[in-house]
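Here's a quick walk through a structure with more than one part to look at. Have the view open while you read.

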Amino acid sequence: MMVKVRTKPRREPDILLDIRNLKVEATVYSPGEKPRDVTIVDGVSLLLKRGKVLGLIGESGAGKSTIGLSSMGYGRGGVRITGGEVFLNGRDILKGGVRDLRRVRGSEVCYVAQSAAAAFNPALRLMDQVVEAALLHGVGAKAEAEKRAVALFTKLRLPDPKSIGCRYPHQVSGGQLQRVMTAMALCSEPDLIVFDEPTTALDVTTQIDVLAAIKDAIRDTGVAALYITHDLAVVAQVSDEIMVLRDGKMVEHGETQQIIKAPRMDYTKALVSVRSIEHEEKGPTPKPLLSVEHVTAAYGGGAVKVLQDVSVNVQPGQTLAVVGESGSGKSTLARAITGLLPPVAGSITFADRTLTPKLADRSKDDLRQLQMIYQMADVALNPRQTVRTIIGRPLEFYFGMRGKERDARVTELLDEIEMSKGFIDRYPAELSGGQKQRVCIARALAAKPKLIICDEVTSALDPLVADGILKLLLRLQKIEDVAYLFISHDLATVKAIADSIAVIYRGEVVRYGSKTQVLTPPFDAYTDLLLSSVPEMEVGWLEHAIHGRRMESAGN
Amino acid sequence: MGSPVLTLIAQRVALGILLLFAVSVLIFAGTQILPGDVAQSILGQDATPEAVANLRQELGLNDPAYARYFHWLGGVLTGDLGSTLTTRQEIAKTLMPRLWNTLFLAFWAAIVAVPLAIVLGLLAVRYRNGWVDKLISGLALASTSLPEFFIGYLLILSFAVTQQWLPAISTVYDGMPFFDKLKAIVLPATALVLVVLAHMMRMTRAAILNVMQSAYIETAELKGLSASAVIRKHALPNAVAPIINVVMLNLAFLIVGVVVVEVIFVYPGMGQYLVDHVVKRDVPVVQAVGLVFAAIYIGLNIVADVAAILANPRLRHPK
Amino acid sequence: MFDLKNLTVSAGIGLILFALFLLCALFAPLIAPFPMSQIAGDVWGPLSSTHWLGTDNLGRDLLSRMVYGARTTIFIAAMATALSFSLGAILGLMAAVVGGLVDTLMSRFVDLLMAIPTLIFGLVVLAVLPSNNVTLILVMGVLSSTRVYRLSRAVAVDINAMDFVEAAKVRGEGLGWIIFREILPNALSPLVAELGLRFIFSVLFLSTLSFLGLGVQPPEADWGGMVKENKDGIVFGIPAALIPASAIATLSISVNLVADWVLTSTASLKGGRE
């Protein structure tokens, strides 16, 4: 069923949104310092025609969400629009008062947030929230609005569209909530929707469904959209044009095809080529370094089984990637190997010795040779210790190094992770995200391990930074001959670093072998779904992928 | 409303009752650690050994501690709180009217303090970081630092001595006309209100601010709702449980504040009764009054938890 | 960590006031113009050049008694705070790191102690214990330690769940390193602020007990006891009781100001944007 776009008076028939020379500032209150103003968006202009989709792309801190919200005259958390004009339907919305802005919000422009789970009021039924803006702005009576909402639920392929509105947010899954939120935005028949990373928090296999639903809804309703994301491959699927932003300034703006196929600026080129690390697969070796045999692990004293009969090997000096979605049990595997969660059954052999299940019973040498790097470098480093202590402690602890000898080795390690000696007395808070992760790597390397478990080490980082970390890990593997057990949900990353791959689904290994074997058809249904869900930087990939699927994703 | 909610509430109430029993054990044990002999200390040093032995027999002090505990508990459960050591009066008879007096005072203090604190808390959120807000946090700082007797005597000095508007001593008796009673408790009730008000405001403010920082408040704002509609439709339904929690916690404070305020204003309530008999070391009275105070305190906490369960949509509408 | 350069005005005032009180307490015999129990003038004499704060219900110099009272009040409150801290913080950190049955048992016991209002429980126990300062310190310290236990356990449980603690465990570090080098430095600022709050609590609790006649016993006197001695003057318009009462208020406000500053100014190393 088609949902008709309501016509509104317009002066320039074609132009919907015209942002000119936008400047946005915020006051930063860092403890112990005087408050200071920082510029978040600096002189950005954009033009959006009726019914078109503009993708805003950039890394964290690029100001893309701030620009999106400025089209509603909204500044999040003390952010102020200090300069420029925002013309919507021909009038400058920044000139009017709060009352005028309220008439724009929820009626002419609607917003879809990154985390729908947090963006819905937990105390109200979905339907009441979906039609709220439409009723407020007088877009039809209640019965009419609810009918429209049900039509939108159907269009967005939500299960049970007639009754899903009676549910409360916590009774609906994350992927579904994201679609309900899209329906909520469409329900008041706006001219423009701001999508703020609507699929980032979802698993890959769910992301593709939501993305397709959003794309169809945009096409069928003829609404215009600002689509904000950090993922160029995602934005290429839905937008007509793309604007690349960096540190609050525009880098490049053009047609989607031009941006992804013929970028002009170096920064855009770097973004486009971010997933193109070439890594040649290493062959099998006579004896594995780590051998996990028939391991079953459970929480709550055996009540909740998260790993079932898992067997994988890691070859010395090579990388085994463990791929799976959230809740698949891949991080549990890491905990079982390190001894943090002693397995219920099965055995783990490491460098010809059988490891004791419990961490407390392991010898210092076993502990030393098996190190770990975490997803969130922020919480993996003690905020009260300097880089010297953080990297120096394993040297003291395992090798008894002290004083000058230790500091010299710390400097050497800093050099290996491409950081200068000047960082030695810094605290983690004084480092960037990428630098923190590098320090974590150096801390692991300090122990001279044979195996490092990397648990989603690049997922929290911006694409370019993540790329740098991956390259570093590959280089270090060559120098130190260390093996990695690389846990990730991101197949693109895995392709770049793995020698062999294990695909894990609901606690079981569904596919395991060398990288080539795993990535060569014929596939099992789940691997097929996973592979076909990874967005590719290709216009039209989405439709192709949706048509070729054999299995429904689980988490939508 | 599903059965999980009922189950949870039943569990919480059962837990509260269990806790009350544990508390009764603790209070009983707490009064048995007296070094020396109770009978001896009641009768004084010159008492004859026969008199002491008789009293020991009478008080059941020759029985083991657990037997005495169950004897005491059995009495408590049937409404028999025992009799005082010093005057041999039935405790329950004296306690009941005093309990009512205390509840009367606490009730009127709460009637004033609770709505006032909530309204002021809402105002502080509405004008956050403005002067109203700063005044409130300043007052809260002062109120956590001021002893009750400072407030109490300041009130007496100002309104009963310098200006003789109200009595300095709050006498109430049976059959006293209602409005005379009210007039008598104006000063102690004001003191109690001042003791809990600022703290309650600050906690209400924090509870609402916490809700106001949720993402769904931004969603509501981006729908074009007015500030008051956002608070009414989206913030309040989620703030009810934390606010009830705040209120209950502060009523518990109030119960403790009552003890000191009653002594200041010589008000014939339970707190005064407790303090008098602690000084006289009259253990049965102390046990009984302590248990009543603890029961009220635990009861308020159960109400807070039950309210939180009822207000949680995840529990009311299970998957 | 607690950089004096960033001292705010209010925290500075708090610090100066607290230092003054401390000086009074330490050098009481040198500062007080009269001995503590000497009857030096009329009953409830007014403020004058010989008796700066007037005289009390027996004609003793109120200023001298205030100075000696500072000694008693601060000493007992400080000892009780020290006890509550060593007991509460050590057990709380232990419970968080060791976990399991030890944690459950200790936490349930603390829940039980906290199910009775502190003042009521204090009164019940004081009804049977001998009235002296050691009893007071023990009772106040133990009752107050329940809150320290809860706070330090909660803070430590949060920190214990962080990856850097897990990293230390996986490295093979012992309990000592984990508690003292990984957890404690990060728990310090809430604990130091709590130290201030516990001290205020002890001062107020002691004053209340003494006011009720159950705290410090004559001839010794703390500020709360002095309120009790002089309270009967109030109805005659004699404000002598308000002088020790406002000293209690000033002391606790000054500590509160410092604690507030400690709590707000130590997030700096976390380096958050907000």
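Start with how much of chain B is tucked away: of its 319 residues, 39% are buried. Bear in mind that this is a predicted model. Chain B has 14 helices and 0 strands, so its pattern along the sequence is just α-α-α-α-α-α-α-α-α-α-α-α-α-α. Its C-alpha atoms fill a box of roughly 85 × 60 × 35 Å along the principal axes. Among contacts in chain B with a separation of 6 or more, 72% are between residues 24 or more positions apart.

Now for the place where the chains meet. Here 16 residues of chain B are in contact with 23 residues of chain A. On the chain B side, helix 10 (215-222), helix 11 (227-264) and helix 14 (313-316) each put in at least two residues. Helix 10 of chain B gives the largest share, with 4 residues.

Chain A itself comes in two pieces, domain 1 (15-272) and domain 2 (290-520). Taken over C-alpha atoms, their centres are 37 Å apart. Where these domains of chain A touch, 8 residues of domain 1 are in contact with 6 residues of domain 2. Helix 7 (204-221) and helix 10 (266-272) of chain A each supply at least two residues of the domain 1 side.

What are the contacting sides made of? Here is the split by class for two of them.

| Side | Nonpolar | Polar | Charged |
|---|---|---|---|
| Chain B, touching chain A | 6 residues | 7 residues | 3 residues |
| Domain 1 of chain A, touching domain 2 of chain A | 3 residues | 3 residues | 2 residues |

Note on methods: Residues numbered from 1 in each chain as written. Chains lettered and ligands numbered in written order. Predicted model: local features only at pLDDT ≥ 70, side-chain atom pairs only at ≥ 80, totals over all residues. Contact = placed C-beta atoms within 7 Å. Nonpolar A, V, L, I, M, F, W, Y, C, P; charged D, E, K, R; others polar. Domains from an automatic or database assignment. Buried ≥ 20, exposed ≤ 12 C-beta atoms within 10 Å, placed from the backbone.
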